[in-house]
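Colleague: Could you walk me through the ligand site in this one, and then a couple of backbone oddities?

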Amino acid sequence: MRFDSYSYRSIARVYDFLAAVYSRGQIGATKRMQIDSIQTGNRVLYAGAGAGSEILMAARFGARVTSIDLAQEMLDRVASRFAREGLSCEMICGDVSSHKPDELYDVVVVNYFLNLFDLEHARVMARHLCSLVRPGGKLLLTDFARPSGGPIAALICEVYYRPINWIAWALGFCALHPILDYERLLEPMGFRIHSARRFPVLIGANPAYVSIVAERNP
Ligand SMILES: C[S@@+](CC[C@H](N)C(=O)[O-])C[C@H]1O[C@@H](n2cnc3c(N)ncnc32)[C@H](O)[C@@H]1O
């Protein structure tokens with residue numbers, strides 16, 4: 001099974017801007033709240049890291065950060081932000097599915113990453129990422145939220161999500177698939193969902209993004 005098909009190198013410069021516009025700032029909000037789940041001195045892995053300011057926030061807070069991404073262009077953007085502040089971060093350019101650290105992480109952060117893959121690949125990748133969290137440690141995950149409510153809620157989410165999934169798929173940035181159900185995915189992997197906060201894009205509960213805090217059973 002391969003996981004190296006969806007590098008974002010060609011859009012590294014504009015990815016954060018596009019995400020902010022499309023989500024009306026809510027993608028950033030889902031990631032900023034993660035700092036509440038990170039403690040000074042934690043070993044934190046950002047899987048499919050991108051170039052977001054949340055990585056810098058964690059380092060400013062005293063976390064020991066590792067960023068892994070297929071796209072060197074994304075890592076370069078993170079590196080220049082770190083350099084400006086005199087902070088350090090381990091940067092690994094490559095496929096996170098082959099990452100085998102000597103020591104497990106206190107926190108593994110998976111932002112808008114598992115949704116690149118179809119369900120089968122997402123399940124295998126999730127299992128790998130879960131295996132990198134120490135017992136009692138945390139998995140922090142953000143993504144599109146599943147509909148909250150009946151058929152109208154499902155329709156609203158589909159209208160918001162499906163066209164962007166088609167476009168991203170056509171451009172080679174992800175697979176085609178429904179919005180993933182992380183509770184069903186993570187609980188059999190030995191994780192308990194501690195919280196799942198929704199961030200609606202407009203007025204009303206749908207469509208929305210979700211920021212999940214899950215804990216690995218001790
Ligand atoms: C949708 S972007 C999300 C970036 C970042 N997590 C964020 O929230 O802004 C997905 C990122 O995963 C990276 N990526 C894709 N497949 C990967 C893999 N197998 N290993 C590591 N990074 C990967 C892409 O290059 C891209 O930067």
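Modeller: We can take the ligand, then the pocket, then the backbone.
This is a predicted model, in which local features need pLDDT of at least 70 and side-chain atom pairs count only at pLDDT 80 or more, while totals for chains, interfaces and linings use all residues. Residues are numbered from 1 along each chain as its sequence is written, and side-chain values use heavy atoms, with hydrogens and water left out.

Colleague: How many residues surround the ligand, and which are the closest?

Modeller: The ligand is surrounded by 20 residues (a heavy atom within 4 Å of it), and the closest are Phe3, Lys31, Gly48, Asp69 and Asn111.

Colleague: What is the make-up of that shell by class?

Modeller: The shell has 12 nonpolar, 5 polar and 3 charged residues, where Ala, Val, Leu, Ile, Met, Phe, Trp, Tyr, Cys and Pro count as nonpolar, Asp, Glu, Lys and Arg as charged, and the others, Gly among them, as polar.

Colleague: Which atoms does Asn111 put 2.8 Å from a ligand nitrogen, backbone or side-chain?

Modeller: For Asn111 it is a backbone N or O atom, whereas Asp95 places a polar side-chain atom 2.9 Å from a nitrogen atom of the ligand, and a polar backbone atom of Val96 is 3.0 Å from a ligand nitrogen. The protein covers 99% of the 600 Å² of accessible area that the ligand has on its own (Shrake-Rupley method, 1.4 Å probe).

Colleague: Where does the ligand sit?

Modeller: The ligand sits in the largest pocket (more than half of its atoms within 2 Å of the grid points). A pocket here is an open set of points on a 1 Å grid over the protein atoms alone, where a 1.4 Å probe fits, with protein on both sides within 12 Å along at least five of seven lines, and lining residues have an atom within 4 Å of a point.

Colleague: Which element gives the most to its lining?

Modeller: That is H1, with 6 residues.

Colleague: Switching topic, which peptide bond is cis?

Modeller: The bond from Asn206 to Pro207 is cis, with omega near -10 degrees, and Pro207 lies in the loop between strand E6 (191-200) and strand E7 (208-216).

Technical notes:
Polar contact = N/O pair within 3.5 Å; in protein donor to acceptor, adjacent residues only side chain to side chain. Helix = DSSP H or I, 4+ residues; strand = E, 2+ residues; numbered from the N terminus.
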